[in-house]
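Subject: Structure handover

Hello,

I am passing on the structure we spoke about. Please open it alongside this message and read the notes below with it in view.

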Amino acid sequence: MRAVWYETTGPAAQVLRLGEMETPQPGPGEVRVRLSASGVNPSDVKSRDGLRGPIAFPRVIPHSDGAGEIDAVGEGVSPARIGERVWVWNAAYRRAFGTCAEYVCLPEAQAVSMPKGTSFEAGACLGIPASTACHAVFADGDVAGQTVLVTGGAGAVGHYAIQLARWGGAKVIATVSGPEKAKAAEAAGAHAVVNYREGDVAAAILAANHGKPVDRVVEVEFGGNLPVTSAVIGEGGVIAAYGSMADAEPKLPFYPLMFRNVTLRMLIVYLLSSPERARMLARLDAALEEGALSHAIAATFDLADSAKAHEAVESGKLIGNAVITIS
């Protein structure tokens with residue numbers, strides 16, 4: 001099979017290599033997916049660059065997300081799954097060979113059936129961006145009647161979080177960094193959008209909610225946004241945080257949050273328990289089946305241009321996901 005790999009960490013153009021590898025065969029309990037698309041996430045480029053630590057295997061095929069068709073199964077897996085259109089999760093998490101290749105083998109539970117009408121390119125966005133958003137929105141139950149604040153509303157996760165929260169019956173307020181991203185958040189369905197680079201952001205969020213605090217925050221930048229978040233979160237509210245790059249060791253205003261009975265939920269989609277993942281997958285599948293989700297694919301690349309895809313993600317300029325198409 002054709003595959004892209006790296007054997008040392010570093011800049012994408014220097015370490016990513018396109019070549020031929022032996023086509024893998026599924027082991028017991030595994031399926032083999034003939035991939036049509038591979039999603040490129042920030043975590044993938046950070047791992048390749050060495051920001052997540054030294055390389056864990058002699059050779060790594062990057063990318064945890066992808067979509068394609070099951071073309072072979074291992075012992076113990078029903079042959080009826082052959083031909084099934086699926087998206088995959090955690091393909092490269094604690095594993096050597098991910099989805100930046102023509103084939104991937106992985107445990108059958110990590111290949112999820114896709115509803116009709118969901119493209120392979122869209123499926124390649126479900127493993128990290130959509131799943132993170134879904135868990136961040138619904139980890140504590142229904143959000144109907146609540147107000148959900150989505151920070152970074154034009155980001156890959158934020159795009160799905162806005163749609164999922166609105167689909168779940170919530171009022172959605174999003175924060176963004178400029179007019180173009182405001183249009184993206186509005187298109188995703190945000191009821192109100194606040195530019196966090198202008199004026200009193202907390203006051204603008206509260207004004208958008210008729211002076212009332214918000215019930216839940218889907219938080220891309222916990223430390224950097226904490227002054228605003230702590231000012232707008234209501235009693236019994238939840239901060240569901242999946243990032244804190246600007247301030248990795250924030251000083252927590254413990255008593256102001258404690259006296260409002262606020263819950264801080266830190267989450268990473270790679271480590272969901274089996275029950276958590278099952279609940280998340282059920283919600284996500286229902287939203288997909290109902291046609292509630294649009295997919296913001298900002299750029300597509302050929303397998304041979306995987307380094308350019310990594311560089312595009314690293315640039316931070318994409319409004320949406322980068323996807324590699326595999327013919």
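What follows is a short account of the pockets, the salt bridges, the cysteines and two individual residues. Please keep in mind that this is a predicted model.

Pockets

The largest pocket has a volume of about 1500 Å³. Its lining is made up of 46 residues, and those nearest the centre of the pocket are Pro42, Lys46, Val220, Tyr242 and Met245. Several elements give two or more residues to this lining: the helices H2, H4 (126-138), H5 (156-167) and H11 (306-315), together with the strands E9 (171-176) and E15 (321-325). Sorted by class, the lining of the largest pocket has 26 nonpolar, 13 polar and 7 charged residues.

The second largest pocket has a volume of about 420 Å³. Here 21 residues form the lining, with Tyr6, Ser47, Arg52, Ala92 and Arg94 nearest the centre. The lining of the second largest pocket divides into 11 nonpolar, 6 polar and 4 charged residues.

Ser43

Ser43 is a useful place to start looking at helix H2, which covers residues 42-49 and contains this serine. Is Ser43 buried or exposed? Ser43 is buried, since its relative accessible area is 11% and the cut-off for buried is under 20%. Apart from neighbours within four places in sequence, Ser43 is in contact with Arg52, Ile128 and Tyr270. Arg52 is also one of the residues nearest the centre of the second largest pocket.

Salt bridges

Side chains of opposite charge can pair when their charged atoms come close. In this model the count comes to 11 salt bridges. Three of them are described here.

Arg48 takes part in two of these. One is with Asp49, where the N to O distance is 3.5 Å. The other is with Glu314, and in that pair the closest N and O atoms are 2.9 Å apart. Arg48 belongs to helix H2 and Glu314 to helix H11, so this salt bridge ties together parts that are 266 residues apart in sequence. As for accessibility, Arg48 is buried, at 0% relative accessible area. Its two partners are partly exposed: Asp49 has a relative accessibility of 30%, and Glu314 has a relative accessible area of 39%.

The third pair is Arg216 with Asp140, whose side chains meet at 2.7 Å, N to O. Arg216 lies in strand E11 (residues 214-219), while Asp140 is in the loop between H4 and strand E8 (147-150), so the pair links parts that are 76 residues apart in sequence. Arg216 is buried, with a relative accessible area of 3%, whereas Asp140 is partly exposed at 39%. Returning to the earlier residues, salt bridges with shared partners join Arg48, Asp49 and Glu314 into one network.

Cysteines

How many disulfides does the structure hold? The number is 0. For Cys125, the closest cysteine sulfur is that of Cys100, and the two are not bonded because 14 Å is too far for a bond; a disulfide would need the sulfur atoms within 2.5 Å. Cys125 is buried, at 1% relative accessibility. Cys134 is in no disulfide either, as the nearest cysteine sulfur, that of Cys125, is 15 Å away. Cys134 also counts as buried, with a relative accessibility of 1%.

Val232

The last residue to look at is Val232, which lies in helix H8 (residues 222-232). Its relative accessibility is 0%, so Val232 counts as buried. What does Val232 touch, not counting residues up to four places away in sequence? The list is Leu149, Ala202, Ile205, Leu206, Pro213 and Val214. For one of these, Ala202, there is also a backbone distance: the C-alpha atoms of Val232 and Ala202 are separated by 6.2 Å, although the two residues are 30 apart along the chain.

If you want to follow the notes in the viewer, helix H2 ties several of them together. Ser43 is found in this helix, as is Arg48 with its salt bridge to Glu314 in helix H11, and both H2 and H11 give two or more residues to the lining of the largest pocket.

Regards

Definitions and conventions: Residues numbered from 1 in each chain as written. Predicted model: local features only at pLDDT ≥ 70, side-chain atom pairs only at ≥ 80, totals over all residues. Heavy atoms only, no water. Helix = DSSP H or I, 4+ residues; strand = E, 2+ residues; numbered from the N terminus. Buried < 20%, exposed > 50% of the residue type's maximum accessible area, 1.4 Å probe, protein only. Contact = heavy atoms within 4.5 Å. 1 Å grid on protein atoms, 1.4 Å probe; cavity = no way out; pocket = protein on both sides within 12 Å on 5 of 7 lines; lining within 4 Å. Points joined across faces, edges and corners; volume = space filled by probe spheres on them. Nonpolar A, V, L, I, M, F, W, Y, C, P; charged D, E, K, R; others polar. Salt bridge = Lys/Arg side-chain N within 4 Å of Asp/Glu carboxyl O.
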